[in-house]
Amino acid sequence: MTTLAFEALASAFEGRGYVTSAPLATALQLVAALRKPLLIEGPAGVGKTESAKTLADVLDTKLVRLQCYEGLDAASALYEWNYPRQMLRIRMTEGEGGRLEEREAQIFGPDFLLKRPLLEAITQSTAPVLLIDEVDRADEAFEAFLLELLAEFQVTIPELGTIRAVERPYVILTSNRSRELSDALRRRCLYLWLDYPTFEQEVRILRAKLPNMNEQLAVQVARVMAELRTLPLGKLPGVAESLDWAQALMTLHREVLDEDTFSQTLGCILKLREDWQLVAAQAPRLLARA
């Protein structure tokens with residue numbers, strides 16, 4: 001990866017149906033060369049998570065994903081002890097005697113450790129891609145916990161000591177910016193803002209992901225999506241919705257967009273009743289521009 005040229009990286013992504021921009025391809029090159037985490041911010045559905053999945057595929061390495069949520073704590077992200085197995089071992093060895101310290105060392109050893117995503121990522125013999133997805137959903141306390149891991153790539157387990165990364169993983173953090181992340185976390189990362197694709201990029205994405213889609217329909221879908229993103233919608237449709245819609249149109253054997261098809265398939269791209277009402281009223285104008 002460290003010697004993979006920009007053109008080769010962009011080509012490898014596109015060959016897997018992911019159309020990269022020059023800034024994204026450059027950022028991923030730097031992740032490999034500098035081994036620094038990359039923080040990707042942007043609206044939901046623009047391909048932040050998919051970029052990490054595709055990177056793992058291009059590198060032919062494992063993807064380890066930590067999905068963040070409110071209330072996520074270090075234990076859930078790092079490791080837990082397998083208590084049922086520990087209890088079973090204690091009961092099975094009750095009559096064997098032995099020193100208390102020795103018995104404790106047995107049940108608090110690696111055989112009873114359940115690795116969660118962060119520990120799993122740093123104990124791989126081949127560097128994986130570690131995706132810390134939607135880090136803005138986690139609490140600030142968990143964000144602070146991440147700082148040591150991202151700075152030193154090591155964790156401390158009281159019963160086992162400090163565990164350092166065998167191979168430093170390629171780390172990608174994503175954020176929908178539902179809250180501001182700390183300056184400390186940002187300082188430890190490279191940064192990229194990933195916006196909605198341009199009209200030309202969206203046509204390329206549709207054609208790359210759905211090679212059997214006719215070009216006229218792909219152009220119409222991309223133009224309508226670009227228009228929709230200029231409206232004051234409660235939830236703007238992303239690339240994922242665009243692909244869902246295109247797939248639905250192909251499944252329904254539609255070659256071009258008309259008003260009936262548009263109104264019948266709005267549920268693929270709009271997920272709020274108020275958005276439906278707003279867009280339905282403008283359907284003739286949107287289709288005329290497509």
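How many disulfides does the rule count in this chain? The model is a predicted one, and the count comes to zero disulfides. For Cys189 the reason is distance: the closest cysteine sulfur, that of Cys68, lies 12 Å from the sulfur of Cys189, which is too far for a bond, since a disulfide requires the two sulfur atoms to be within 2.5 Å. Cys189 also counts as buried, because its relative accessibility is 11%, and the term buried applies under 20%.

The chain is divided into two parts, with domain 1 covering 6–78 + 113–193 and domain 2 covering 199–289. Taken over C-alpha atoms, the centres of domain 1 and domain 2 are separated by 31 Å. The table gathers the values for the interface between them.

| Domain 1 with domain 2 | Value |
|---|---|
| Residues in contact | nine residues of domain 1, eight residues of domain 2 |
| Buried area | about 660 Å², 51% of it on carbon and sulfur atoms |
| Salt bridges | two salt bridges |
| Polar contacts | two residue pairs, both at pLDDT 80 or more |

On the side of domain 1, the residues that touch domain 2 divide into three nonpolar, three polar and three charged. The buried area of about 660 Å² between the domains can also be followed to individual residues: Gly17, Val19 and Gly45 lose the most area to domain 2 within domain 1, and together they account for 59% of what that side buries.

Which residue does Glu14 meet in a salt bridge? The side chain of Glu14 pairs with that of Arg204, at 2.7 Å from N to O. Glu14 falls within the bounds of domain 1 and Arg204 within those of domain 2.

Note on methods. Residues are numbered from 1 along each chain as its sequence is written. This is a predicted model: local features need pLDDT of at least 70, side-chain atom pairs count only at pLDDT 80 or more; totals for chains, interfaces and linings use all residues. Side-chain values use heavy atoms; hydrogens and water are left out. Domain bounds come from an automatic or database domain assignment. Contact means heavy atoms within 4.5 Å. Buried area is the accessible area (1.4 Å probe) that two parts lose on being put together, summed over both. A salt bridge is a side-chain nitrogen of Lys or Arg within 4 Å of a carboxyl oxygen of Asp or Glu. A polar contact is a pair of N or O atoms within 3.5 Å; within protein, one must be able to donate a hydrogen and the other to accept it, and residues adjacent in sequence count only if both atoms are side-chain atoms. Ala, Val, Leu, Ile, Met, Phe, Trp, Tyr, Cys and Pro count as nonpolar, Asp, Glu, Lys and Arg as charged, and the others, Gly among them, as polar. Buried means under 20% relative accessible area, exposed over 50%, partly exposed in between (1.4 Å probe, protein chains only).
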